[in-house]
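Dear colleague,

I am passing on a structure for you to look through at your own pace. My notes on its sheets and helices follow below it.

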Amino acid sequence: MRYYIIAGEASGDLHASALMNQLSSKDTDADFRVWGGDLMEAAGGVLVKHYRDLAFMGFWEVLKNIRTILANFRLCKTDILDYRPDVLILVDYPGFNLRIAKWAKKMGIKVFYYISPQVWAWNSGRVYGIKTSVDEMFVILPFEADFYAKYNFKVHFVGHPLLDVVDNFNQDQQKTGLTVQPNNKPIIALLPGSRKQEIKRMLPIMLEITDQFPDYQFVVAGAPGISKDFYESLLSEVTIGIVENQTYALLGKAKAALVTSGTATLETALFGVPQVVCYRGNQWSYYLARQLVNVDFIALVNLIMSRKVVTELIQSDLNTTNLIKELKNILEGEERQTMKSAFMDLREKLGNKGASERTASLIQEFLKK
């Protein structure tokens, strides 16, 4: 089978690569052409575009880069037609992938979608377009099947792939490679995001409070595809550790974490690390987004649990006073233990391990029909 797979960010690269490995184990002649990252390339995909060239966040950022985005659409369509895949597999990344799905369906290409767009959070009307453009949808959040059922669209809940990724991680193999400051102080992990523009916005705020916690050492988790020099340019007078491509090893040793909203909040929770969720975006982009969303939380942990488990500091609430207060709350005491207990309940809600294998099996079953 010839698989054309599109993922547009680090988390998509991770989950798509795991899916590719499972597809390859079931189909030794599988051929992959991909938009994604290093992990998808390592899994055997011919990499057409790296996600670091696709990462535009917010309304204003998209508008500024509209020519590049349109050029990417043209390249993608031409490349798909030249490749003639048996199936197009789209992984999250809805701004790009939903448009490609609509076009591909018109071209007579079979379209599967893995990891649903968050249509339950905003602009639910997109479901009608998904129903006409997507042949099969594989969802990873427990409430998504019920959401789609309201629109008479049957989807497949496969469990969350991070359960496998986190549980298969062997921390002992990573310990020697984890470079931190040469002291024995407990670690507070800083996860400022996976894109340069959000890292530039989030990391300086996180760094402002480091001198208020002299009994701890702060360590930055470097994102894939972002050079160490980039992080060092933001450190200014602050001297703290940076680890590259070792986020899980860092979380395995961390006592607490400051995390930019996104998939990292769920990863941190699955490692059982108490966290404060942080987010500050472009003022106008955020304002417009707030007019569209219909959920009470932005952190995946809170969304899945349908209640506040982790504190979210958003926009003006993300300041040094609040950061210091909330970080102190989760370093010791009752709030820390309550949060860790909730993380155990979260695991149960996410279903059983084996999401990638189940998805690969379903994909091959549907392709045989």
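Seven strands form an open sheet in the order β3-β2-β1-β4-β5-β6-β7, with parallel pairing, where strands (E, at least two residues) and helices (H or I, at least four) are DSSP runs numbered from the N terminus, and two strands pair if DSSP finds at least two bridges between them. This is a predicted model, in which local features need pLDDT of at least 70 and side-chain atom pairs count only at pLDDT 80 or more, while totals for chains, interfaces and linings use all residues. Residues are numbered from 1 along each chain as its sequence is written, and side-chain values use heavy atoms, with hydrogens and water left out.

At the edges of the seven-stranded sheet stand β3 (45-50) and β7 (156-157), each of which pairs on one side only. The partner of β7 is β6 (residues 136-139), joined in the parallel sense over two bridges, and here phenylalanine 138 stands opposite histidine 156 in β7.

Helix α1 lies across β1 (2-7), β2 (31-36), β3, β4 (87-91) and β5 (111-114), and runs at about 165° to β1; axes are lines fitted to C-alpha atoms, for helices over the stretch in contact, and angles run from 0 to 180 degrees between N-to-C directions. The axes of α1 (residues 10-26) and helix α18 (residues 355-367) come within 8 Å and cross at roughly 55°. The two helices are therefore oblique to each other, a word for whatever is left when angles under 35 degrees count as roughly parallel, over 145 as roughly antiparallel and 65 to 115 as roughly perpendicular. Among the residues that meet, with contact meaning heavy atoms within 4.5 Å, are Leu19 and Leu23 in α1 and Ala360 and Ile363 in α18.

The other sheet to look at is also open, with six strands in the order β10-β9-β8-β11-β12-β13 and parallel pairing. Because β10 (241-244) and β13 (311-314) stand at its edges with a single partner strand each, one side of each is left without a neighbour in the sheet. Neighbouring strands of this sheet are turned by 25° against each other on average, direction ignored. Strand β12 (residues 275-279) pairs with β13 in the parallel sense over four bridges, and tyrosine 279 has isoleucine 314 in β13 as its bridge partner.

Helix α13 (residues 263-270) packs on this sheet, touching β8 (187-191), β11 (254-260) and β12, and its direction makes about 165° with that of β11. Helix α11 (residues 228-235) lies across β9 (217-222) and β10, running at about 160° to β10.

With best wishes
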